[in-house]
Amino acid sequence: MVDFLIGLFLASLIVALFTTRLYRLLLWYSINSLMLGLLALSIGRSIDDDAMIITGVITIVVKAIGIPYILKNLSQKFHFVRQITPDIQVHYAIMLVPAILVFTFYLSEPITHMIDTNANYVAVSISSLFLSLLLMMEHTNVAPKIIGFLSMENSLFLLGITATNGMPMLVELGIFFDLLMAIVVINLLFHKEEMKI
């Protein structure tokens, strides 16, 4: 079950890279966050960690439902262009994605010998981190850059829960507090983008 959820997590991020509509990008981010929350629930249930289960529920509520809803409302409020065309052409992106995946699996091989976990989980986490960075780099609009930043945070969260079999609850609450601060910054960026239009 964990392998299936991690596969869907990575697949939703790859599809988001090729999305040219803002609302579809929000949908793929929501699916990505939903897979992360279900993964936290699954791992928490398998290792009998109540904090991880609570984190999974909070992740589903905040990241899969709350943040996409807020971003959709902000994009309607500030009249953002819904057509988001990436600066990197599709055929280059199609070559970049497998190159990133191969590179990160090669990069994470020495790391996985030191930790007692599945090597593929760490490799997928690192590759999704690089794919999120690519999502930020390939757009000039502020909204896809914000989605890329939030996807990068999802990738770091995935790395934390798969590499360590759960993080302390205090660290997870700190991440959610940082995420709420990021929403405030996002609102300011949207306002600045509207003033430029």
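Contact here means heavy atoms within 4.5 Å. With that in hand, welcome to a set of close-up views of a predicted model.

**Figure 1. The whole chain is an all-helix arrangement, with 8 helices and 0 strands.** Followed along the sequence, the pattern reads α-α-α-α-α-α-α-α. Of the 197 residues in the protein, 46% are buried. Among contacts with a separation of 6 or more, 75% join residues that lie 24 or more positions apart. The protein exposes about 10,100 Å², and 70% of that area comes from carbon and sulfur atoms.

**Figure 2. Lys-145 sits in helix H7 and touches residues that precede it in the chain.** Setting aside residues up to four places away in sequence, the partners of Lys-145 are Met-136, His-139 and Thr-140. Is Lys-145 buried or exposed, or something in between? Its relative accessibility is 32%, so Lys-145 counts as partly exposed; the buried class would need a value under 20%, and the exposed class one over 50%. From C-alpha to C-alpha, Lys-145 and Leu-134 are 9.6 Å apart in space, with their positions 11 residues apart in sequence. Leu-134 also appears in the next view, on the H6 side of a helix pair.

**Figure 3. Helix H4 (residues 90-107) meets helix H6 (residues 119-137) at a crossing of roughly 140°.** The two axes come within 8 Å. H4 and H6 are therefore oblique to each other, since an angle has to be over 145 degrees to count as roughly antiparallel. The crossing is right-handed. On the H4 side, the contact is made by Leu-96, Val-97, Ile-100, Leu-101, Phe-103, Thr-104, Phe-105 and Leu-107. H6 answers with Asn-120, Ala-123, Val-124, Ile-126, Ser-127, Phe-130, Leu-131 and Leu-134. Sorted by class, this contact has 13 nonpolar residues, 3 polar ones and no charged ones.

**Figure 4. Helices H2 and H7 pack with their axes within 11 Å.** How do the two run relative to each other? They cross at roughly 10°, and that makes H2 roughly parallel to H7. H2 brings Leu-22, Leu-25, Leu-26, Tyr-29, Asn-32, Ser-33, Leu-36, Leu-39, Ala-40 and Ile-43 to the contact. The H7 residues are Ala-143, Pro-144, Ile-147, Leu-150, Ser-151, Asn-154, Phe-157, Leu-158, Ile-161 and Thr-162. In terms of class, there are 15 nonpolar residues, 5 polar residues and no charged residues.

**Figure 5. Helix H3 (residues 50-77) also packs with helix H7 (residues 142-163), at an angle of about 175°.** Their axes are 13 Å apart, and the angle makes H3 roughly antiparallel to H7. From H3 come Met-52, Thr-55, Thr-59, Lys-63, Ile-67 and Leu-71. From H7 come Ile-146, Ile-147, Leu-150, Glu-153, Asn-154, Phe-157 and Ile-161. The residues of this contact divide into 8 nonpolar, 3 polar and 2 charged. Take a look at Ile-161 of helix H7: at 0% relative accessibility, Ile-161 counts as buried. The C-alpha atoms of Ile-161 and Met-52 are separated by 8.5 Å, although their positions lie 109 residues apart along the chain.

**Figure 6. Ile-84 is a buried residue in the loop between H3 and H4.** Its relative accessibility is 1%. Which residues does Ile-84 contact, leaving aside its neighbours within four places in sequence? They are Thr-19, Thr-20, Arg-21, Leu-22, Leu-25, His-139, Asn-141 and Pro-144. For Thr-19, the C-alpha separation from Ile-84 is 7.9 Å, and the two are 65 residues apart along the chain. Leu-22, Leu-25 and Pro-144 take part in the contact of H2 with H7 as well.

**Figure 7. Ser-42 in helix H2 and Asp-48 in the loop between H2 and H3 have contrasting surroundings.** Helix H2 covers residues 22-46. At 13% relative accessibility, Ser-42 counts as buried. Not counting residues up to four places away in sequence, Ser-42 touches Met-1, Val-2 and Leu-5. Asp-48, by comparison, is exposed, with a relative accessible area of 64%. The backbone of Asp-48 is worth a glance too: its phi is positive, about 60°, although this residue is not a glycine. Most residues other than glycine have a negative phi.

Technical notes: Residues numbered from 1 in each chain as written. Predicted model: local features only at pLDDT ≥ 70, side-chain atom pairs only at ≥ 80, totals over all residues. Heavy atoms only, no water. Axes fitted to C-alpha atoms, helices over the stretch in contact; angles between N-to-C directions. Helix = DSSP H or I, 4+ residues; strand = E, 2+ residues; numbered from the N terminus. Parallel < 35°, antiparallel > 145°, perpendicular 65-115°, else oblique. Left-handed = near helix turned anticlockwise from the far one by under 90°. Nonpolar A, V, L, I, M, F, W, Y, C, P; charged D, E, K, R; others polar. Buried < 20%, exposed > 50% of the residue type's maximum accessible area, 1.4 Å probe, protein only. Areas by Shrake-Rupley, 256 points an atom, 1.4 Å probe, with all protein chains shown as cover.
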